Amino acid sequence: PQLHAKRPDVVLMVGGNAMAHLYLDPDARARRWWPEHTARWEELHDGLLARDSVDLVAVGTSASSARVSHQVRGSAEIRRTERTDGTRWSYDAAQGDPLLLGGSFRDLDDRAAWDACAASPYPDAVVQLGVLCASSRAGDLVLSAAEGWDLRSRFEPVAHVSTHGALLEAQMMVPLLLDMPVAHSPQRTADVMPSALRALGLPLPAGLDGRSFL
């Protein structure tokens, strides 16, 4: 993106209008994990977390772990472990339960991790944050807006009456109408393509993220 400031300390990118990525020390041009940023940027992290507009703040602490925090409910660690039988997810709520999952869990596959989050205000948040914060394209700080807040309204040419992009249930859940029985409940929008291919009797390409719910 074009930057309208010389040698900025922070670059802000808003996704949708309810999630924001902050890239710290952008001149470095290399991804660094949160422990390398804490000395300079922990105060910014805490200041953003204290704002009414911010619900969750997440940071990547390593290539396989992330920390998610809430101003009142504390912080928890999300960890991804790659095994021969697939990816496993853990949520350590020893220092708090920001996602309101009711406590810690360990070594759940994608489907079980979805089930663990399904009844919370943040469906699928463990997998979503675990994948997002590990991405080379993710910000060093990832903000999910509180309900009713627009993180880019200052720059919008017309008034917004809704928001999207946050990890909140109303912005994560997608209604789906089906005219055939399903083998299990749809979990992710990535499941739609393999399900449609199966309904059409077409082969499923290798490497799809989703899985058929038919």
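## Reading pockets, a helix and a strand

User: I'd like to start with a pocket. Which strands and which helix each supply at least two residues of the lining of the second largest pocket?

Analyst: Strand S1 (10-15), strand S2 (19-24) and helix H1 (38-49) each do so. Keep in mind that we are reading a predicted model. S1 gives the most to this lining, with 3 residues.

User: What is the volume of the second largest pocket, and which residues are closest to its centre?

Analyst: Its volume is about 620 Å³. There are 17 lining residues, and Leu12, Val14, Leu151, Arg152 and Phe155 are the closest to the centre. By class, the lining divides into 12 nonpolar, 1 polar and 4 charged residues.

User: Now for the largest pocket. How much space lies in it?

Analyst: About 990 Å³. Of its 33 lining residues, Asp124, Gln128, Gln187, Arg188 and Thr189 are the closest to the centre. The lining has 18 nonpolar, 7 polar and 8 charged residues.

User: Which element gives the most to the lining of the largest pocket?

Analyst: That is H3, with 4 residues. Strand S6 (86-92), helix H2 (110-118), helix H3 (125-134) and helix H4 (169-172) each supply at least two.

User: Let's look at H2, then. How should I read the burial pattern of a helix, and which residues of H2 are buried?

Analyst: Here is the general idea. An α-helix has 3.6 residues a turn, so residues three or four places apart point the same way. Now the case at hand: the buried residues of H2 are Ala113, Trp114 and Cys117. These residues are on the same side of H2 because they cover an arc of only 105° around the axis.

User: What covers the buried residues of H2?

Analyst: The cover includes S6, strand S7 (105-108) and H3. You have met S6 and H3 already, as both supply residues to the lining of the largest pocket.

User: And a strand? How many residues of S3 are buried?

Analyst: In general, the side chains of a regular strand alternate between the two faces of the sheet. Strand S3 (residues 54-62) is mostly covered, with 8 of its 9 residues buried.

User: In what sense does S3 pair with S4 and with S8, parallel or antiparallel?

Analyst: With strand S8 (residues 141-145), S3 pairs in the antiparallel sense over 4 bridges; here Ala58 has Val142 as its bridge partner. With strand S4 (residues 65-70), the pairing is also antiparallel, over 5 bridges, and Val59 has Arg67 as its partner. To trace the chain from S3 to S4, follow the hairpin that joins them through 2 residues.

Methods. Residues numbered from 1 in each chain as written. Predicted model: local features only at pLDDT ≥ 70, side-chain atom pairs only at ≥ 80, totals over all residues. Heavy atoms only, no water. 1 Å grid on protein atoms, 1.4 Å probe; cavity = no way out; pocket = protein on both sides within 12 Å on 5 of 7 lines; lining within 4 Å. Points joined across faces, edges and corners; volume = space filled by probe spheres on them. Nonpolar A, V, L, I, M, F, W, Y, C, P; charged D, E, K, R; others polar. Buried < 20%, exposed > 50% of the residue type's maximum accessible area, 1.4 Å probe, protein only. Arc of directions from axis to C-beta. Contact = heavy atoms within 4.5 Å. Pairing = 2+ DSSP bridges.
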